[in-house]
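Trainee: I would like to test some structural labels against their cut-offs. Can we go through them one at a time?
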Amino acid sequence: MFEFINTLLIGITAGSIYSLMAIAIVLVWRSTRVVNFAAGGLALASSFVGAAVLEKTGSFWIALPLAMVAGAVFSAFIEYFFLRPLLKRSGGKGEEIFLPIVATLGLLGIIKSILNFIYGDRVGSLPPPLSDKGFIVSGQSIALSPMRLLILAIVLISMVLLTLIFQRTNLGLSLRASSFAPEISRLSGIRVDLIRTVGWAISGAAGATAGILQTTNGSGSIAPESFEFSLLLVFGFVAAVIGGIESLIGAVIGGLTLGIILSIILMYVGGSLVFFAAFLILILTLLLRPHGIIGAKGGRRA
Amino acid sequence: MELSARKVVAVHKRQITNKHRFIGFALIGLLVYILSNIVDEWRSFQGATIAVYVVAIASVILLTGYSGQISLGHGALLAIGAYSAALAQIYFHAPIWICFAAAVLITALFGAILGAAAARLSGPYLAGTTLALAVGLPSIANQFSILGGEQGISFDAGWPPLSFGESFTQYKWFFWIASLAALISMWWVQNILRSRYGRTWRAVKTNEVAAEIAGINIARSKVLAFTVSAGIAGLAGALLAMTVNNVSPSAFPLVLSFSIATGAVLSGVNTLGGVMIGSVALVAIPEIASSVSDRWSGSENLATLLPEFIVSALLILTVFLAPKGPIEKLRSRHVH
């Protein structure tokens with residue numbers, strides 16, 4: 001029982017980080033209908049910025065916001081200079097999604113090789129700012145440490161902020177409108193192109209947060225070829241798809257589901273089946289609901 | 001623009017008959033034969049790798065370019081083909097040709113099951129599913145001892161027949177097998193793409209509703225495309241296992257799936273004819289990059305990152321400048 005609760009706690013922490021990454025992917029999908037694999041590279045690049053700031057100033061509390069700003073700037077840059085001109089010349093059906101996906105894969109490769117060029121074999125270090133020793137409950141150490149609490153708090157705050165932005169501000173209304181009906185939004189005076197860039201920027205900030213939390217929760221150091229980041233990208237994407245790729249709440253549900261189930265499998269079944277389990281969870285969800293847990297029913301036709 | 005491009009294709013179709021195509025294939029075969037006699041072991045290995053990529057990229061082009069379904073997980077299908085071939089050899093002592101046939105059939109069967117699920121999905125959902133498959137499937141091998149774990153299992157295509165002479169080397173033999181397999185499968189693929197099935201796939205891709213009204217069973221058509229594509233990918237996997245003598249999970253990383261998708265875009269996603277371009281690029285770029293970085297600076301770091309940088313940059317350039325692929329680009333320029 002004790003072990004099971006610990007497994008759950010580990011799963012919830014990992015899952016909430018996947019949720020943030022999933023949100024980064026969902027935001028880009030909603031604003032431009034692009035599956036953004038460069039999100040992994042952006043998270044990596046902004047985590048390196050965070051590590052550099054941490055080295056200079058020694059404070060995690062300065063590093064995290066600056067990394068988020070860096071993520072937002074990188075992400076907006078990519079949208080403005082690469083995706084916007086690319087989407088202006090859309091191809092036929094099938095390529096419509098495939099070409100942008102492959103273009104973001106190309107961007108991922110370029111970001112990684114630039115980071116490789118700058119850092120080479122050196123790694124950036126992002127140690128946990130708070131103690132990662134578990135709290136002691138009735139003489140036993142549980143898998144909930146001040147650091148884990150901080151992660152959960154940061155994820156929770158980001159989600160509340162995002163919900164407020166989307167539901168209570170004019171910006172949020174414009175964001176929702178231009179993803180729902182770009183033409184009509186344009187007619188009612190929303191600058192859809194600008195709003196899309198803003199959507200990408202928010203996504204970049206969310207991805208940067210996910211990247212930094214993933215590093216501090218994991219090994220504490222980042223390298224350009226970091227396995228943790230491939231993991232973050234793949235599980236974030238899978239979580240987004242499970243949640244229906246359109247919805248922020250879906251992304252959170254998807255991320256937490258994935259995190260908890262994978263943690264249980266890691267604990268009780270075996271580490272080598274974790275990736276296959278992610279595939280099974282995804283395909284079972286999609287067979288029952290082809291458009292994700294919170295996706296539109298029936299799907300659009302014609 | 002769109003209309004004139006179509007017209008050009010139509011004109012080309014009228015000029016090129018199956019007889020011309022056969023002569024073309026025979027000429028490529030002859031070229032491979034001559035090349036295999038003048039190049040060394042390393043080049044033969046590269047030649048075999050190019051042939052493997054040709055088969056793998058053709059399977060993606062068939063699925064994405066012609067049937068409109070996205071796959072980011074063809075590496076997993078290659079893995080199934082490779083493991084099927086190796087298991088057929090180890091447990092049934094099957095001759096090498098039977099191993100290849102087993103790879104094709106078993107992967108096609110798997111593709112049919114996967115395709116039945118995939119036919120319900122579209123766009124990002126399908127991309128996500130295939131991506132998760134690419135990450136998840138090869139790692140299963142670590143769980144079951146029959147699949148050899150991290151070390152993998154061996155797949156031995158055998159030495160070349162003695163009748164070819166003493167100097168006939170191992171990699172030349174692989175080069176021959178891979179090229180023959182590539183030529184046969186390409187011949188078959190280009191035929192099926194111009195058959196009733198190929199036309200059906202393109203109809204479904206272009207307009208699902210119109211295709212359904214015209215009496216096409218959309219789900220069946222999509223599943224069939226997935227099955228055929230998986231079978232070809234299985235062959236590519238068995239060929240890949242042959243060139244490296246071994247099948248292990250680490251031979252099928254996510255990067256392999258991405259490379260195949262990259263190769264498909266470099267070749268032009270909806271023209272089978274460009275398949276050589278992407279395959280040669282994937283093999284040649286690391287080689288060129290390493291010679292460039294050798295001459296430029298001795299930095300080992302540069303040598304490791306340059307191939308990825310060049311491939312990524314080429315990829316973005318292709319998506320921007322020739323989204324329909326280099327061949328379509330040339331064709332449209334030819335007319336204007």
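Trainee: What makes B:His93 count as exposed or buried?

Mentor: This is a predicted model, so every value is computed from it. B:His93 has 9 C-beta neighbours inside 10 Å. The exposed label needs 12 or fewer, so B:His93 counts as exposed.

Trainee: Where is B:His93, and what is its phi?

Mentor: B:His93 is in the loop between α4 (74-92) and α5 (96-118) of chain B. Its phi is near 45°, a positive value in a residue other than glycine. Most residues other than glycine have a negative phi.

Trainee: Which label does B:Asn245 get, and why?

Mentor: B:Asn245 has 14 C-beta neighbours inside 10 Å. Exposed stops at 12 and buried starts at 20, so B:Asn245 counts as partly exposed. B:Asn245 is in the loop between α10 and β2 (246-247) of chain B. Its phi is also positive, near 65°.

Trainee: What makes B:Ala236 buried?

Mentor: B:Ala236 has 32 other C-beta atoms within 10 Å. The cut-off is 20 or more, so B:Ala236 is buried. The residue is in helix α10 (residues 218-244) of chain B.

Trainee: What is B:Ala236 in contact with, beyond its neighbours within four places in sequence?

Mentor: Its contacts are B:Val52, B:Val55, B:Ala56, B:Ser59, B:Leu78 and B:Gly81. As for B:Leu109, that residue is 127 residues from B:Ala236 in sequence and 15 Å from it in space, C-alpha to C-alpha.

Trainee: How do you know whether A:Leu107 is buried or exposed?

Mentor: A:Leu107 has 22 C-beta neighbours inside 10 Å. Set that against 20 or more, and A:Leu107 counts as buried. Its place is in helix α4 (residues 95-119) of chain A.

Trainee: Which residues does A:Leu107 touch, not counting those up to four places away in sequence?

Mentor: A:Leu107 touches A:Ala38, A:Gly41, A:Ile78 and A:Phe82, and also B:Ile316 of chain B. The C-alpha atoms of A:Leu107 and A:Leu42 are separated by 9.5 Å, although the two residues are 65 residues apart along the chain.

Trainee: How many residues does each chain bring to the contact between A and B?

Mentor: Chain B brings 45 residues and chain A brings 45 residues. On the side of chain B that touches chain A, α3 (41-66), α6 (123-136), α8 (196-206), α11 (254-267) and α13 (300-321) each supply at least two residues. That side divides into 27 nonpolar, 14 polar and 4 charged residues.

Trainee: Now helix packing. Why are α1(A) and α5(A) called roughly parallel?

Mentor: Helix α1 (residues 2-32) and helix α5 (residues 146-168) of chain A pack at an angle of about 30°, with their axes 10 Å apart. Angles under 35 degrees count as roughly parallel, so the label fits α1(A) and α5(A). Their crossing is left-handed.

Trainee: Which residues make that contact?

Mentor: From α1(A), they are A:Thr13, A:Ser16, A:Ile17, A:Ser19, A:Leu20 and A:Ile23. From α5(A), they are A:Arg148, A:Ile151, A:Leu152, A:Val155, A:Ser158 and A:Leu162. They divide into 7 nonpolar, 4 polar and 1 charged.

Trainee: Why are α2(A) and α9(A) called oblique?

Mentor: Helix α2 (residues 38-57) and helix α9 (residues 227-242) of chain A pack at an angle of about 135°, with their axes 9 Å apart. Roughly perpendicular ends at 115 and roughly antiparallel needs over 145, so α2(A) and α9(A) are oblique. The crossing is right-handed. A:Ala39, A:Gly40, A:Ala43 and A:Leu44 in α2(A) meet A:Phe229, A:Ser230, A:Leu232 and A:Leu233 in α9(A). The contact has 6 nonpolar, 2 polar and no charged residues.

Trainee: How do you know that the span of α2(A) agrees with its 20 residues?

Mentor: At 1.5 Å a residue, α2(A) should span 28 Å, and its end C-alpha atoms are 28 Å apart, so the two agree. Of its 20 residues, 15 are buried, so the helix is mostly covered. Just after α2(A), A:Gly58 takes a positive phi of about 80°.

Trainee: What makes α8(A) and α9(A) oblique?

Mentor: Helix α8 (residues 192-217) of chain A and α9(A) pack at an angle of about 130°, with their axes 10 Å apart. That angle again falls between 115 and 145, so α8(A) and α9(A) are oblique. α8(A) passes α9(A) in a right-handed crossing.

Key:
Residues are numbered from 1 along each chain as its sequence is written. Chains are lettered from A and ligands numbered from 1 in the order in which they are written. This is a predicted model: local features need pLDDT of at least 70, side-chain atom pairs count only at pLDDT 80 or more; totals for chains, interfaces and linings use all residues. Axes are lines fitted to C-alpha atoms, for helices over the stretch in contact, and angles run from 0 to 180 degrees between N-to-C directions. Helices (H or I, at least four residues) and strands (E, at least two) are DSSP runs, numbered from the N terminus. Angles under 35 degrees count as roughly parallel, over 145 as roughly antiparallel, 65 to 115 as roughly perpendicular and the rest as oblique. A crossing is left-handed if the near helix is turned anticlockwise from the far one by less than a right angle, and right-handed if clockwise. Two residues are in contact if their C-beta atoms, placed from the backbone, lie within 7 Å. Ala, Val, Leu, Ile, Met, Phe, Trp, Tyr, Cys and Pro count as nonpolar, Asp, Glu, Lys and Arg as charged, and the others, Gly among them, as polar. The expected span of a helix is 1.5 Å times one less than its number of residues.
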